[in-house]
Amino acid sequence: MNARADTAARTADGLDVEAVRARFPILRTEMQGRPLVYLDSAASTQKPDQVIARLTRFYEHDYANIHRGVYELSQRASALHDEARRKVQRFLGARDWREIVFVRNATEGINLVAWSFLRPRLEPGDEILVTEMEHHANIVPWQIVAGERGARVVPAPITDTGEIDLAAFAERITARTRMIAVVWVSNVLGTVNPVEEIVALARAKGVPVLIDAAQAVQHRPVDVAALGCDFLVFSGHKTYGPSGVGVLYGRAERLEAMPPWQGGGDMIERVSFEGTTFNEIPFRFEAGTPDIAGIVALGEALDYLGELGLERVERHEAALIGHAQRALAQIPGLRILGEPRERRGALAFTLEGAHPQDIGMLLDLEGIAVRTGHHCAMPLHARFGLSASARMSVGVYNTEAEIDALAAGLRRIAAMFQ
Ligand code: PMP
C-alpha cells in the first residue's frame, strides 16, 4: 500500500483528513512522479476549492470597485467587502468592526504600527522590546523607525528549549520601553509563547503590545478582546486564503489616535489645497483600491476554518507535530531545534554532515516539500549557533503517513552523509 494514500487517516474526534484533502485540488499534483507531500504550510498554506471558487465567482458575478459607485454592481462588491470585514471581526473576537484594518500581509500591518503609531512617540534612548525568536518582519520595521529617532530594539533572550525566558523578559521592560512586539507561535521552532502573560506584563507597565499572529490564527482559536493586546497581525495566505491580503487588528482607541500612514483615495474626508481632513477608522489606514477579491476570498477562508472548527484543527495538528517529533528524534544525527512545552505548526532540524540546502533538494527528489535556510529568523539561528536549518510545517490537510514519508527520506539522507 502506498503509505501516503493513508485512507484510514481519521483522528479520534472525527476530523476526516481524506475529506479535508479532497477539498485542496493542488494536493492531487504529482511531483517527480510521486504524490506531492507538502510540508511547507508555515511559508504559505494551500487553498481549498471553496476559496478558489469564491475568487472566480467574485470576478465572474460581483466585481466592481468598492465605495465609489451608486450602481448595483459596485454596491454588491462593497457589501461583500464589508461582510468580509465582519467575518474577520468575528474570527478574531474583536468588539468592533472598525478595529479591523485590511493590509497586504502581516509585514505591512507591523510596518503600519511602526510608522503611524510608534514613530511619532519615539524619543532618543527609547526602547522597543522584542524576543530573539522573532521573524524579521517583527524586527526590521522597528529597527528602521528606531534608527531614525535614536531609539533601539532590545531582544529578550530565549532558553535552550526555545522558549521565552519570562523573568528576563520582564526585567527588560524599563521606563524607556515604548512598545512590546512578540510572536505568538514561532515560525521556526513552533514554540507557542505565553502571550496572555506577556500582555498582562505589558499592561501592568502601561506599554502597548503587538502580537505577531502570522503562525497562530490558522492553528488555534483566538480572542483578541479577551487577550487584551493593542495590536495583532496575520496574513491571509497562511490562513488558507489568497496572497496579497492581510489583517491588522488595533484597539479602537489606539487606531483613533493614530495619524494616517499612506495618503490617497478612500482615506480622506475632504480634500482641498488649503488642507485635507481624514476619514474615520479603519478607512483612514486603507488608501487606494484594495485587493477586493482577495479580501472577499479571505472571508471565505475564515468561514472554511470555522466550519472545520479550530479546536479540531488544533488537535489534529498537535498530534501531527507530536508524531513528527517522535519520528524525527529516531534518526541518527538529526537535531531538533528547541524543546518547547507546547509546539504547533512547525519544527526545524539539522542533520549532521548534511547542509540544509542538500536536505531540501534531496527530499524534493522524493516529492517532499520542506523549507531550508534561515526562515527569515537570522537572530534565532545565531542563538542556536547556526546559519540555517531545515523546517517541516503542517497544515490541516497533512497526515501521519506524510510525516512517515519525510522520516523515511531523512533516514536515507542521513545514511548518505554519515
Ligand atoms: N511573522 C511570522 C511569524 C511569519 O512566519 C511570517 C511569514 N513567514 C511573517 C511574520 C511575515 O508574513 P508575510 O510575509 O505574510 O507578511
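1. Start with the ligand: the space it takes up is the largest pocket. Keep in mind as you read on that this is a predicted model.

2. Who sits around the ligand? The shell has 13 residues, and those that come nearest are Thr107, Asp212, Ser235, His237 and Lys238. Sorted by class, the shell splits into four nonpolar, seven polar and two charged residues.

3. For the polar contacts, look at His237 and Lys238, both on the list of nearest residues. His237 puts a polar side-chain atom 2.7 Å from an oxygen atom of the ligand. Lys238 also uses a polar side-chain atom, and here the partner is a nitrogen atom of the ligand, at 2.7 Å. With Ala106 it is the backbone that takes part: one of its polar backbone atoms is 3.4 Å from an oxygen atom of the ligand.

4. How much of the ligand's accessible area does the protein cover? On its own the ligand has 400 Å² of accessible area, and the protein covers 88% of that.

5. Now the rings. The structure holds eleven aromatic pairs. In one of them, Phe58 meets Tyr59 edge-to-face, with 6.2 Å from centre to centre and 65° between the planes.

6. Phe58 also pairs with Tyr63. Why does this pair count as edge-to-face? The planes of the two rings stand at 85°, with the centres 5.8 Å apart, so the pair falls in the edge-to-face class, for which the planes must be over 60 degrees apart.

7. On burial, are Phe58 and Tyr63 buried, partly exposed or exposed? Phe58 has 0% relative accessibility and so counts as buried, since the cut-off for that label is under 20%. Tyr63 has a relative accessible area of 38%, so it is partly exposed; that label covers values between the 20% cut-off for buried and the 50% cut-off for exposed.

8. One last item on rings: Phe24, Tyr240, Tyr304 and Tyr397 are linked into a cluster by ring pairs. If you're browsing the model, that cluster goes on the list with the two Phe58 pairs, one with Tyr59 and one with Tyr63.

How values were computed: Residues are numbered from 1 along each chain as its sequence is written. This is a predicted model: local features need pLDDT of at least 70, side-chain atom pairs count only at pLDDT 80 or more; totals for chains, interfaces and linings use all residues. Side-chain values use heavy atoms; hydrogens and water are left out. A residue is near a molecule or strand if one of its heavy atoms lies within 4 Å of it. A polar contact is a pair of N or O atoms within 3.5 Å; within protein, one must be able to donate a hydrogen and the other to accept it, and residues adjacent in sequence count only if both atoms are side-chain atoms. Accessible areas come from the Shrake-Rupley method with a 1.4 Å probe; for residues, only the protein chains shown count as cover. On a 1 Å grid over the protein atoms alone, a cavity is a set of points where a 1.4 Å probe fits but cannot get out, and a pocket is an open set with protein on both sides within 12 Å along at least five of seven lines; lining residues have an atom within 4 Å of a point. A molecule sits in a cavity or pocket if more than half of its atoms lie within 2 Å of its grid points. Ala, Val, Leu, Ile, Met, Phe, Trp, Tyr, Cys and Pro count as nonpolar, Asp, Glu, Lys and Arg as charged, and the others, Gly among them, as polar. Rings of Phe, Tyr and Trp (its six-membered ring) pair if their centres lie within 6.5 Å; planes under 30 degrees apart count as stacked, over 60 as edge-to-face and the rest as tilted. Buried means under 20% relative accessible area, exposed over 50%, partly exposed in between (1.4 Å probe, protein chains only).
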